[in-house]
Amino acid sequence: GARIGPYCVIKGKSVIRAGAEIGAHCELYSSVVESGVKIKASVAESALIGRNAEIGPYAHLREGARIGAGAKIGDYVEIKNSRIGAGTKVCHLAYVGDADIGEGCNIGAGVVFANYDGAVKRRTVVGKNVFVGSNSTLVAPLDIGSGAFVAAGSVITGDVPERALAICRGTTTIKENWQNNAYTNAAKNKTAAQESGADGGA
């Protein structure tokens with residue numbers, strides 16, 4: 001049978017298959033948990049979690065989340081109205097809203113699927129074996145082809161072809177001897193004056 005830890009809440013038409021492990025402090029509302037799934041300290045609302053998927057800790061699967069077999073949804077990840085392909089990893093601090101993500105993808109830490117423009121919610125489609133680097137924002141509507149690579153820190157607003165590299169970020173600028181500029185010198189002088197005044201008052 002399934003294993004269910006302490007302090008769990010299970011409501012609605014939830015189904016938990018044999019072989020699933022629901023850890024302590026989980027909440028399931030009208031969700032389906034297939035065999036082999038492991039959930040740690042997470043919330044699932046009207047979600048479907050495929051065989052051998054791993055959820056949590058502290059993940060939030062909102063209505064319409066469809067998690068593929070063997071997928072990994074990690075800590076502080078929110079999935080809403082989205083399909084996550086088999087074996088895909090969304091491991092850290094990400095928001096995936098209104099998206100279809102293929103098999104074998106890696107969605108990096110801090111990635112945001114920007115699905116709402118203030119008036120309409122739009123979808124993003126991600127193919128198979130796509131790598132999305134940390135702290136990237138994908139602005140819907142968007143189509144990212146299979147095998148594509150999105151460089152960390154990019155804001156993607158246009159479609160990315162299959163097996164292409166997409167990079168959109170500012171160039172790093174180095175200012176040598178920055179500690180000798182007028183701004184930092186003025187700050188140092190102000191601090192020195194304040195410290196001198198404090199000593200004099202004593």
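**Exercise 1. Find the bridge partner of Asp75 in β16, then place the two strands in their sheet.**

Step 1. Asp75 has His92 as its bridge partner in β16. Strands here are DSSP runs of E with at least two residues, and helices are H or I runs of at least four, numbered from the N terminus.

Step 2. Strand β16 covers residues 89–92, and 3 bridges join β13 to β16 in parallel. Two strands pair if DSSP finds at least two bridges between them.

Step 3. Now look at another partner of β13. Strand β13 (residues 72–75) pairs with strand β10 (residues 54–55) over 2 bridges, in the parallel sense. Ile55 has Ile73 as its bridge partner in β13.

Step 4. Set these strands in the sheet. It is an open sheet of 10 strands, in the order β1-β4-β7-β10-β13-β16-β19-β22-β25-β27, with parallel pairing. Its edge strands are β1 (3–4) and β27 (165–166), each pairing on one side only.

Step 5. Check the β27 end. Strand β25 (residues 149–150) pairs with β27 over 2 bridges, in the parallel sense. Val150 has Ala166 as its bridge partner in β27.

A note on the source: this is a predicted model, where local features need pLDDT of at least 70 and side-chain atom pairs count only at pLDDT 80 or more, while totals for chains, interfaces and linings use all residues. Residues are numbered from 1 along each chain as its sequence is written, and side-chain values use heavy atoms, with hydrogens and water left out.

**Exercise 2. Give the strand order of the open sheet of 8 strands and name its edges.**

Step 1. The order is β3-β6-β9-β12-β15-β18-β21-β24, and the pairing is parallel.

Step 2. β3 and β24 (142–144) are the edges; each has a single partner strand, so one side of each is left without a neighbour in the sheet.

Step 3. Take one pair from inside the order. Strand β9 (residues 48–49) and strand β12 (residues 66–67) pair in the parallel sense over 2 bridges. Ile49 has Ile67 as its bridge partner in β12.

**Exercise 3. Decide whether Ile84 is buried or exposed, and list its contacts.**

Step 1. Locate the residue: Ile84 is in strand β15 (residues 83–84).

Step 2. Read the accessibility. The relative accessible area of Ile84 is 1%. Buried means under 20%, exposed over 50%, and partly exposed in between, with a 1.4 Å probe and protein chains only. Ile84 is therefore buried.

Step 3. List the contacts, meaning heavy atoms within 4.5 Å. Neighbours within four places in sequence aside, Ile84 touches Arg66, Ile67, Gly68, Ala71, Ile73, Ile79, Val96 and Ile101.

Step 4. Repeat for Thr124, in strand β21 (residues 124–126). Thr124 is buried, at 1% relative accessibility. With the same exclusion, its contacts are Asp98, Ala99, Asp100, Phe113, Leu138, Ala140 and Leu142.

**Exercise 4. How many salt bridges does a search of the whole structure find, and what do Arg17 and Glu34 link?**

Step 1. The search finds 8 salt bridges. A salt bridge is a side-chain nitrogen of Lys or Arg within 4 Å of a carboxyl oxygen of Asp or Glu.

Step 2. Arg17 and Glu34 form one, at 3.3 Å, N to O. Arg17 lies in the loop between β3 (15–16) and β4 (21–22), and Glu34 in the loop between β6 (32–33) and β7 (38–39), so the pair ties together parts 17 residues apart in sequence. Arg17 is partly exposed at 39%.

Step 3. Asp100 and Arg83 form another, at 4.0 Å, N to O. This pair links distant parts of the chain: Asp100 in strand β18 (residues 99–101) and Arg83 in strand β15, 17 residues apart. Both are partly exposed, Asp100 at 21% and Arg83 at 38%.

Step 4. Glu162 and Arg163 also form a salt bridge, at 3.3 Å, N to O. Glu162 is partly exposed at 47%, whereas Arg163 is exposed at 66%.

Step 5. Trace the network. Salt bridges with shared partners join Lys80, Arg83, Asp98, Asp100 and Arg123.

**Exercise 5. Which residues make the nonpolar surface patch of about 380 Å²?**

Step 1. Apply the rule. Patch residues have over 30% relative accessible area and no salt bridge; like charges are joined within 9 Å, and nonpolar side chains (Val, Leu, Ile, Met, Phe, Trp, Tyr) within 5 Å. Accessible areas come from the Shrake-Rupley method with a 1.4 Å probe; for residues, only the protein chains shown count as cover.

Step 2. The patch is made by Phe131, Phe149, Leu165 and Ile167.

Step 3. Check one member. Phe131 is in strand β22 (residues 131–132). Phe131 is partly exposed, at 33%.
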